[in-house]
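Colleague: I'd love a close look at a single part of this assembly, namely chain B. Please give me the cut-offs as you go.

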Amino acid sequence: MDLMDIVSNTLRAGISQSAVIYALAAIGLNLHFGFTGLLNFGQVGFMAAGAYGLGITTYTYNWPLWAGILAGLAAGVVLGLLLGAPTLRLRADYLAIVTIAAGEIIRLVVRAARLRNITGGSNGLNGFADSFQNWNPLDPSAAYGARVFEGELNLRFTGADLWEMAVGWSLVAVAVFVMWLLVTSPWGRVLKSIREDEDAARALGKNVFRFKMQSLILGGTFGTVAGMYFATVNNSVQPDNYSTPVTFFALTAAIMGGLGKVFGPVVGSMLFWMILAFTDNLLRQLVSEGHIPSSLMENVQIGQVRFMLVGLGLVLLMVFRPQGVFGDKREIAIDARR
Amino acid sequence: MLWAILAAIGVGLFGADFASAQDDDGEGTQGIIQYRSDDPEQSDRVPLEGVDVVVYQAELSENGREVIEVGDEVATGTSGADGAFSVDVPGPGDYAVELQVDTLPDGVELVDEERQQLALRLTTNERTNVLFNLAEGDAASQIRGREGDSRLDRGARLLVDGIKFGLIIGMCAIGLSLIFGTTGLVNFAHSEMITFGAVIAFFFNVTLGLHLIPATIIAMVLGGLAGVGLDLGLWRPLRHRGVGLVTMMIISIGLSILLRYAILYQFGDRSQAYDQYAVQTETLFSLGPIDMIPKDAIIIGLSLVLLVAVSVALRVTKLGKAMRAVSDNPDLAASTGIDVNRIVTIVWFLAGVLVTLGGVFQGLSESVNWQNGFQILLLVFAAVTLGGLGTDYGVIVGSLVVGALIFLSTLWVAPELKNVGALLVLVVILMIRPQGIFGRSERIG
């Protein structure tokens with residue numbers, strides 16, 4: 001049983017590119033759900049809009065990367081307008097179903113064989129973000145970092161990983177700072193008032209629809225950035241990476257950290273991936289060393305157990321601690337509007 | 001789905017046979033090359049020797065039933081004296097099996113030339129049969145004539161498929177709608193109740209060797225009990241704690257993830273067929289261009305009867321009226337002496353029973369898979385929303401419309417996009433008439 005191996009893999013997962021992607025997506029969900037009370041279950045649609053906006057323009061139409069990023073952002077804004085204009089007047093659970101359906105429609109359309117020339121169909125688009133790696137000041141294949149605790153704890157990363165993580169966590173830092181500016185501004189206070197009591201906000205002369213739309217688009221933009229980062233570090237866009245459960249996992253991360261808190265989603269996402277990595281590594285060692293008989297669990301089933309734990313975790317969180325790690329129970333007014 | 005149904009309807013002749021045998025011989029495919037003779041006396045099909053098949057790496061559609069693009073050649077095979085061939089492939093994955101038409105004897109041809117390549121999706125150690133539909137010249141044109149490629153005929157057949165699919169959705173949707181009506185819960189874990197039903201029936205049918213009909217009945221009882229268990233163990237305590245509806249909805253998402261992967265853990269990721277009725281070739285009756293096979297007739301008939309019966313019972317019986325009263329206003333219902341908790345538990349039982357049968361029907365018309373319920377959940381939502389959340393007869397109409405729309409849309413759009421139309425309808429309905437066709441507007445907040 002190699003305990004330090006489990007610990008180092010867990011730590012690495014907490015700062016991995018996946019943690020960045022889910023942190024960014026969850027920051028957006030936090031603005032929607034934690035601050036405005038909007039139940040957007042189609043965050044993955046915004047991620048797909050960003051990823052495909054970037055991928056299609058740079059790969060299919062050979063735009064430079066920076067122009068592709070602008071196109072991805074624009075795609076997210078357009079999606080927000082399309083989605084928000086008709087749905088923001090709906091009740092929370094109806095909005096949830098519409099946004100889920102929208103995310104699924106996007107995935108089905110981009111993977112269609114007929115659009116293969118543009119979106120790459122079910123193969124997706126590959127190899128459009130080479131220039132991102134070319135900007136890497138480090139040697140992509142060299143190892144950086146150190147083994148600490150007499151070499152027991154492996155904290156060495158390749159230059160490519162380090163570059164991606166540095167860019168990613170910088171994006172998260174910027175996103176957190178923007179969120180902090182937003183929610184402490186008068187604008188953010190209006191959002192909270194909409195979350196607490198939409199009619200009261202309306203009675204005070206606030207154009208609730210406009211504020212909700214702004215929140216949807218801004219939060220969606222964080223999702224768009226998450227999608228573009230996802231596409232860039234993988235150097236590919238695959239349609240089936242943008243399926244409905246991604247939103248639910250990001251939502252789990254946001255709730256775990258604490259809705260309605262600026263840092264909640266970031267901590268939540270790190271925790272989410274650390275828990276996944278910890279259980280994965282632990283089970284893998286237990287199975288390979290025969291502590292868990294293979295009749296009970298085989299290697300392929302370990303990944304499935306992880307997801308069972310995610311589901312169970314979400315249930316337990318919502319039942320016993322809906323405010324997550326940081327949240328304030330009084331602020332979790334997600335049921336203010338029935 | 002489409003291919004499974006087309007295979008059943010096109011006299012069961014063309015399309016892949018999804019029955020698969022599990023052993024440790026590695027992955028592969030096999031089949032018998034045989035054709036239908038012109039000779040009317042010869043009812044059995046004639047095996048062909050020396051016909052070549054080639055297996056390619058391939059990209060398949062999402063459901064693994066249509067070939068989208070063919071890649072490198074990986075293996076070849078030739079049929080023996082009994083027409084049988086068997087090909088091993090290098091590993092699990094997606095393949096296309098192609099019949100080499102130039103090795104066919106003169107006069108024998110593919111009934112459907114577009115079915116020269118068949119899709120093959122293999123998991124570890126899976127060997128799947130494929131079936132090429134061959135016939136001698138006159139017989140081929142006769143079959144083609146019967147299949148009548150006129151748009152109207154195709155439309156008629158698709159409509160029947162759509163009605164069948166719609167009724168399956170309806171069986172799943174009515175429980176969701178009743179639960180929403182009585183408790184306000186938008187239950188995302190409903191999809192796993194669908195899958196649970198199909199898988200439990202599979203366990204009794206295939207693992208324990210029971211006939212499918214008693215297996216289904218046992219599964220329906222267990223499905224109902226599972227519904228009761230969920231209500232008593234989870235949802236009722238939450239309701240009593242005053243947990244809000246949005247919180248409960250998110251809890252149901254967590255539950256859905258937990259149950260889905262628990263089913264995957266137990267059942268595996270392979271699509272499997274029930275022991276009985278999986279492949280039916282004989283037709284029960286023909287009506288114009290429509291050849292109805294017995295299991296489709298049973299699915300359509302039984303679903304329709306049950307859905308109408310539930311709808312009538314809600315109107316006529318005392319229990320049904322009590323359910324509607326609780327849907328309307330739980331507090332008022334309680335004050336008239338209705339035991340709301342008891343009614344809700346009965347609703348969960350009823351929902352569990354119906355959704356199990358829906359799940360078995362879906363498993364029967366396609367195959368049993370751990371994602372069966374998850375794949376149709378949004379369509380079930382679409383049906384419920386279209387008809388009006390919490391209205392029973394609306395759900396039946398909504399389901400039929402969604403089912404018919406999905407299948408008829410394949411007349412114009414690629415089959416892989418057929419669900420998009422239904423999802424768009426869901427979005428549009430929620431925008432312009434969120435209470436659905438039959439819902440009353442005051443239900444909407």
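Modeller: Happy to! Two strands are said to pair if DSSP finds at least two bridges between them, and strands (E, at least two residues), like helices (H or I, at least four), are DSSP runs numbered from the N terminus. By that rule, strand β5 (residues 52–60) of chain B and strand β8 (residues 93–99) of chain B pair in the antiparallel sense, over 5 bridges.

Some housekeeping before the rest. This is a predicted model, in which local features need pLDDT of at least 70 and side-chain atom pairs count only at pLDDT 80 or more, while totals for chains, interfaces and linings use all residues. Residues are numbered from 1 along each chain as its sequence is written, with chains lettered from A and ligands numbered from 1 in the order in which they are written.

Now the overall picture. Chain B has 13 helices and 14 strands. Of its 445 residues, 51% count as buried (20 or more other C-beta atoms within 10 Å of the residue's own; 12 or fewer is exposed, in between is partly exposed, and C-beta atoms are placed from the backbone). Contacts (C-beta atoms, placed from the backbone, within 7 Å) reach far along the sequence: among those in chain B between residues at least 6 apart, 74% join residues at least 24 apart.

Back to the β5–β8 pair. One of its bridges matches Val54(B) with Glu98(B) in β8(B). The two strands belong to an open sheet of 4 strands, antiparallel in its pairing and ordered β6-β5-β8-β10 in chain B. At the edges stand β6 (67–78) and β10 (117–122) of chain B; each has a single partner strand, so one side of each lacks a neighbour in the sheet. Neighbouring strands here are turned by 30° against each other on average, direction ignored; the axes are lines fitted to C-alpha atoms.

A parallel pairing is found elsewhere in chain B. Strand β2 (residues 28–32) of chain B and β11(B) share 3 bridges in the parallel sense, and Thr29(B) stands opposite Thr128(B) of β11(B). β11(B) covers residues 126–129, with Glu126(B) and Thr128(B) on its covered face and Arg127(B) and Asn129(B) on the uncovered one. In a regular strand, side chains alternate between the two faces of the sheet. Arg127(B), a residue of β11(B), is partly exposed, with 19 other C-beta atoms within 10 Å. From Arg127(B) to Gly320(B) is 49 Å, C-alpha to C-alpha, with their positions 193 residues apart in sequence.

On to the helices. Helix α4 (residues 190–207) of chain B has 18 residues and reaches 25 Å from first to last C-alpha, close to the 26 Å expected (1.5 Å times one less than the number of residues). Since 14 of those 18 residues are buried, α4(B) is largely enclosed by the rest of the structure. Gly209(B), with a positive phi near 80°, follows α4(B). Helix α6 (residues 245–267) of chain B has 23 residues and reaches 32 Å, close to its expected 33 Å. Here 18 of 23 residues are buried, so α6(B) too is largely enclosed by the rest of the structure. The glycine after α6(B) is Gly268(B), with a positive phi near 85°.

Helix α7 (residues 294–316) of chain B has its end C-alpha atoms 32 Å apart, in agreement with the 33 Å its 23 residues should span. Its buried residues are Lys295(B), Asp296(B), Ile299(B), Ser303(B), Leu307(B), Val310(B) and Leu314(B). Two of these names return when we turn to Phe361(B): leaving aside neighbours within four places in sequence, Phe361(B) is in contact with Ile168(B), Met171(B), Ile299(B) and Ser303(B). Phe361(B) sits in helix α10 (residues 340–365) of chain B and counts as buried because it has 28 C-beta neighbours inside 10 Å. Its C-alpha is 9.7 Å from that of Gly197(B), 164 residues away along the chain.

Last, the partner chain. 38 residues of chain B are in contact with 41 residues of chain A. On the chain A side, α4 (65–87), α5 (92–110) and α14 (299–320) of chain A are the elements giving two or more residues. That side divides into 27 nonpolar, 7 polar and 7 charged residues, where Ala, Val, Leu, Ile, Met, Phe, Trp, Tyr, Cys and Pro count as nonpolar, Asp, Glu, Lys and Arg as charged, and the others, Gly among them, as polar.

Notes
Two residues are in contact if their C-beta atoms, placed from the backbone, lie within 7 Å. Axes are lines fitted to C-alpha atoms, for helices over the stretch in contact, and angles run from 0 to 180 degrees between N-to-C directions.
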